[in-house]
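Open the model in your viewer and keep the sequence panel beside it. The stops below say what to select and what to look for at each.

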Amino acid sequence: MAVTADDGKIREELRKLIAEVLYCTTAEVDGDTPFADLGVDSVLIVEFIAEINARYPVRESVESLYEHPTLNLLAEHLHRRTTAVSDSAGS
């Protein structure tokens, strides 16, 4: 199920996803803490990216988490990507 391109919704959905992957609460996921500092390793990155790709109309790679290493940066990136996909679909 695709999530709307709203930045706040994306951020909260990502917070829920990473909390599920890390088996923690959403309150424990700070948006500005690097994923590596949250305990995301290479196996969890693959799982997290798979969840993102299942929910959004884009195809992200593992490199996305290295290029956008915090929840807030990744949310902004996905907002831009989903908005671009939405805009091109409406054309």
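The tour starts with the whole chain, then goes along one helix, into a loop and across to two other helices.

**Whole chain**

Select everything. This is a predicted model, and the mean pLDDT of the chain is 88, with 87% of its residues at 70 or more. Colour by pLDDT and compare the elements: helix α2 (residues 35-38) has the highest mean, 96, while helix α5 (residues 71-90) has the lowest, 82. Colour by secondary structure next. The chain has five helices and zero strands, in the order α-α-α-α-α along the sequence.

Switch on a surface. The chain exposes about 5100 Å², of which carbon and sulfur atoms supply 54%. Of the 91 residues, 37% are buried. Among contacts with a separation of 6 or more, 56% join residues 24 or more positions apart.

**Helix α1**

Select residues 7-22, which form helix α1. Put a distance label between its end C-alpha atoms: they are 22 Å apart. At 1.5 Å a residue, the 16 residues of the helix should span 22 Å, so the model agrees with the expected span.

Which residues of α1 are buried? The set is Ile10, Arg11, Glu13, Leu14, Arg15, Leu17, Ile18, Ala19, Val21 and Leu22. Charged side chains are worth a stop here.

Select Arg15, which lies in helix α1. Its relative accessibility is 13%, and because buried means under 20%, Arg15 counts as buried. Show what surrounds the residue. Outside its neighbours within four places in sequence, Arg15 is in contact with Thr26, Val29, Asp30, Gly31 and Leu71.

**The loop after α1**

Step to Tyr23, the residue that follows α1. Tyr23 belongs to the loop between α1 and α2. Is Tyr23 buried or exposed? At 76% relative accessibility, Tyr23 counts as exposed. Check the backbone as well: phi of Tyr23 is near 55 degrees, a positive value in a residue other than glycine. Most residues other than glycine have a negative phi.

Further along, select Ala27, also in the loop between α1 and α2. Ala27 has a relative accessible area of 74%, and because exposed means over 50%, Ala27 is exposed. Draw a C-alpha to C-alpha distance from Ala27 to Lys16: the two are 9.6 Å apart in space and 11 residues apart in sequence.

**Where α1 crosses α3**

Add helix α3 (residues 42-55) to the selection of α1. How do the two axes lie? They come within 10 Å and cross at roughly 145 degrees. The crossing of α1 and α3 is right-handed.

Now show side chains on both helices. From α1, the residues involved are Glu13, Leu14, Leu17, Ile18, Val21 and Leu22. On the α3 side they meet Leu44, Glu47, Phe48, Glu51, Ile52 and Arg55. Compare this with the buried set of α1, which includes Glu13, Leu14 and Leu17.

**Across to α5**

The last stop is His79, found in helix α5. His79 has a relative accessibility of 27%; because partly exposed covers the range between under 20% and over 50%, His79 counts as partly exposed. Select Ile10 together with His79 and draw the C-alpha to C-alpha distance. The two are 69 residues apart in sequence and 7.0 Å apart in space. Ile10 is one of the buried residues of α1.

Note on methods: Residues numbered from 1 in each chain as written. Predicted model: local features only at pLDDT ≥ 70, side-chain atom pairs only at ≥ 80, totals over all residues. Heavy atoms only, no water. Helix = DSSP H or I, 4+ residues; strand = E, 2+ residues; numbered from the N terminus. Expected span 1.5 Å × (residues − 1). Buried < 20%, exposed > 50% of the residue type's maximum accessible area, 1.4 Å probe, protein only. Contact = heavy atoms within 4.5 Å. pLDDT = per-residue confidence, 0-100. Areas by Shrake-Rupley, 256 points an atom, 1.4 Å probe, with all protein chains shown as cover. Axes fitted to C-alpha atoms, helices over the stretch in contact; angles between N-to-C directions. Left-handed = near helix turned anticlockwise from the far one by under 90°.
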